[in-house]
Amino acid sequence: METWTQPPVPAVPGEGRQLSLYDTASQSIRPTTPDSVARLYVCGITPYDATHLGHAATYVAFDLVQRMWLDAGHEVHYVQNVTDVDDPLLERAVATGQDWEELARAETALFRDDMTALGVLPPREYVGAVESIPLVVDRIDELLTSGAAYRVDDDIYFSVAQDTDFGIVSSYPRETMLALFAERGGDPEREGKRDALDPLLWQAERPGEPAWDTHFGHGRPGWHIECTAIALHYLGRAFDVQGGGSDLIFPHHEMGTSQAHLISGEQPFAHHFVHAGMVGLNGQKMSKSKGNLVFVSRLRDDGHNPMAIRLSLLAHHYRTDWEWTDDDLTRGEDRYLRWRFAATADRAPSAGPVIEAVRHALAQDLDSPAALAAVDAWADEAAAGEGDDPQSPRQVAELVLALLGVSLLDA
Ligand code: 5CA
Ligand code: ZN
């Protein structure tokens with residue numbers, strides 16, 4: 001499907017840094033080691049509702065990954081999916097009397113607008129689940145042939161027991177896996193499965209639901225195989241970073257890794273599994289199913305500057321769980337005005353140290369709060385009339401645009 005518009009990314013003077021990221025599988029911060037082309041897959045939205053601040057925080061975090069790699073001289077091959085057919089989407093369409101395809105189309109369009117407004121760099125390929133059904137069918141065929149998939153009635157399941165490495169992403173104990181599987185779309189109680197944790201690869205048509213014709217029957221793909229098939233097709237195996245929110249560690253990224261292992265016979269699926277913390281509101285994870293949402297589009301409609309929204313997200317380290325409050329937005333707006341004031345000054349303290357500090361902070365597992373603090377210090381000095389470098393305001397504005405994705409000057 002159509003991706004969104006690429007905004008300008010200025011070159012920053014000096015040398016980019018090697019990016020280190022926390023890898024969930026090894027439970028450690030390790031350097032990323034991309035080739036000339038860095039490969040990134042980030043799980044996309046299920047488009048049945050508007051982009052909320054939790055989604056936005058996650059996509060802004062992975063946007064920093066792309067920006068750090070670009071700064072270090074890599075080309076970036078970024079792929080993101082859209083789960084444009086799945087239970088929650090179909091259920092919402094029934095509940096609101098909408099056509100499910102129209103709902104998905106409209107919410108995906110709104111997501112693109114939100115990402116554009118927030119200055120998030122687009123993926124090179126933005127890929128829907130529906131358009132990927134032929135890829136999924138081929139992968140299921142391979143799994144059936146190798147004995148890693150089996151039928152229960154007309155459904156097809158993936159057999160986790162076939163993978164001796166199952167569990168390497170989350171390292172969760174089995175009870176935790178069972179609880180999360182039930183909570184996040186799995187069917188541990190289904191009779192006839194070999195293991196309660198086996199996920200659906202292909203679901204036979206249910207009355208009133210969309211279905212596609214394949215040689216193994218009329219139906220639709222399961223969730224995890226969608227991302228496995230898309231990532232393997234567009235990026236190949238052993239790509240650099242598989243990303244998403246921490247709610248995707250299990251079952252989604254665990255299952256995807258296991259499926260890719262049995263499809264290719266090789267490890268790793270990705271070198272790093274990187275997960276953003278959950279943004280909450282009123283004591284609970286912000287989620288479409290709980291309805292406790294603050295939408296990016298609503299804030300934009302209310303006249304809030306998207307760059308200030310972006311700054312309020314960047315004020316939190318991507319790996320921590322945090323709660324959105326109105327104060328977050330107030331602080332983001334205040335910071336935006338202070339930075340903009342300094343970026344439009346005639347003179348300011350030299351840009352060199354702040355460029356170094358921002359690169360250094362982001363290279364260490366994307367420490368955006370430290371990066372913001374470095375720009376704050378420079379902006380405060382500029383506002384106090386310190387410094388006499390006439391180039392510095394423009395250079396810092398370019399730094400902030402290139403590495404933090406915050407545009408301070410009108411285009
Ligand atoms: N379509 C699947 C991934 S293949 C999905 O999880 N869609 S989603 O719309 O539910 O979430 C989209 C992305 O936002 C995922 O990476 C998810 O982990 C992340 N996300 C969802 N809720 C939050 C939240 N409250 N805070 C931070 N990130 C979130
Ligand atoms: Zn996914």
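Okay, let's start with the metal. The zinc ion, ligand 2, takes its protein donors from Cys43 through SG, Cys227 through SG and His252 through NE2, at 2.1 to 2.2 Å. One thing to keep in mind for the whole talk: this is a predicted model.

So what is the geometry of the zinc site? It's tetrahedral, with angles of 103 to 118° among the four donor atoms. Along the sequence, the donor residues of the zinc ion follow the spacing C-x183-C-x24-H. Cysteine 43 sits in the loop between strand E3 (37-42) and helix H1 (53-71), while cysteine 227 is in helix H6, so this pair ties together parts of the chain that are 184 residues apart in sequence.

Are those two cysteines buried or exposed? Buried, both of them. Cysteine 43 comes out at 5% relative accessibility, and cysteine 227 at 4%; each counts as buried because the cut-off is under 20%. And while we're on sulfur: a search for disulfides across the whole structure turns up zero.

Right, on to charges. How many salt bridges are there? The count is 26. I'll go through a few of them.

Take arginine 30 and aspartate 23, a salt bridge whose closest N and O atoms are 2.8 Å apart. What I like here is the contrast in accessibility. Aspartate 23 is buried, at 3% relative accessibility, whereas arginine 30 is partly exposed, at 27%.

Next, aspartate 155 and arginine 190, whose side chains form a salt bridge at 2.7 Å, N to O. This pair links distant parts of the chain: aspartate 155 is in strand E7 (residues 155-158), and arginine 190 is in the loop between helix H5 (174-183) and strand E8 (200-204), with 35 residues separating them. On accessibility, aspartate 155 is buried at 11%, and arginine 190 is partly exposed at 25%.

Then there's arginine 237 with glutamate 266, a salt bridge at 3.6 Å, N to O. Here, too, distant parts of the chain are linked, 29 residues apart: arginine 237 lies in the loop between helix H6 (223-235) and strand E11 (239-245), and glutamate 266 in the loop between helix H7 (249-264) and strand E12 (270-276). Arginine 237 is partly exposed, with a relative accessible area of 25%. Glutamate 266 is partly exposed as well, at 43%.

And salt bridges can share partners. Which residues end up in one network that way? Asp334, Arg335, Arg338, Asp376 and Asp380.

Now for the empty space, inside and at the surface. The structure has two cavities of 30 Å³ or more. The largest cavity holds about 120 Å³. It is lined by 16 residues, and the ones closest to its centre are Ala57, Ala61, Leu313, His316 and Tyr318. Two elements give two or more residues to that lining, namely H1 and helix H9 (306-314). H1 provides the largest share, at five residues.

The largest pocket is where I'd point the camera next. About how much space does the largest pocket hold? About 1,400 Å³. Its lining has 49 residues, and nearest its centre are Thr46, Pro88, Arg184, Trp223 and Asp247. The elements giving two or more residues to the pocket lining are H1, helix H2 (87-96), E7, H5, E8, strand E10 (217-221), H6 and E11.

Some of these elements have come up already. H6 carries the zinc donor cysteine 227, and E7 holds aspartate 155. As for H1, it gives residues to the lining of the largest pocket and also to that of the largest cavity.

One last stop, for anyone who likes contacts over a long stretch of sequence. Glycine 277 is in the loop between E12 and strand E13 (279-281). It's buried, with a relative accessible area of 8%. Which arginine lies 4.6 Å from glycine 277, C-alpha to C-alpha? Arginine 319, and in sequence the two are 42 residues apart.

To recap: a tetrahedral zinc site, 26 salt bridges, zero disulfides, two cavities of 30 Å³ or more, and a largest pocket of about 1,400 Å³. That's it from me, over to you.

Definitions and conventions:
Residues numbered from 1 in each chain as written. Chains lettered and ligands numbered in written order. Predicted model: local features only at pLDDT ≥ 70, side-chain atom pairs only at ≥ 80, totals over all residues. Heavy atoms only, no water. Disulfide = S-S within 2.5 Å. Buried < 20%, exposed > 50% of the residue type's maximum accessible area, 1.4 Å probe, protein only. Salt bridge = Lys/Arg side-chain N within 4 Å of Asp/Glu carboxyl O. Helix = DSSP H or I, 4+ residues; strand = E, 2+ residues; numbered from the N terminus. Donors = N, O, S within 2.8 Å, 3.2 Å for Na, K, Ca; no water. Tetrahedral: all angles 85-135°; square planar, octahedral: opposite > 155°, others 65-115°. 1 Å grid on protein atoms, 1.4 Å probe; cavity = no way out; pocket = protein on both sides within 12 Å on 5 of 7 lines; lining within 4 Å. Points joined across faces, edges and corners; volume = space filled by probe spheres on them.
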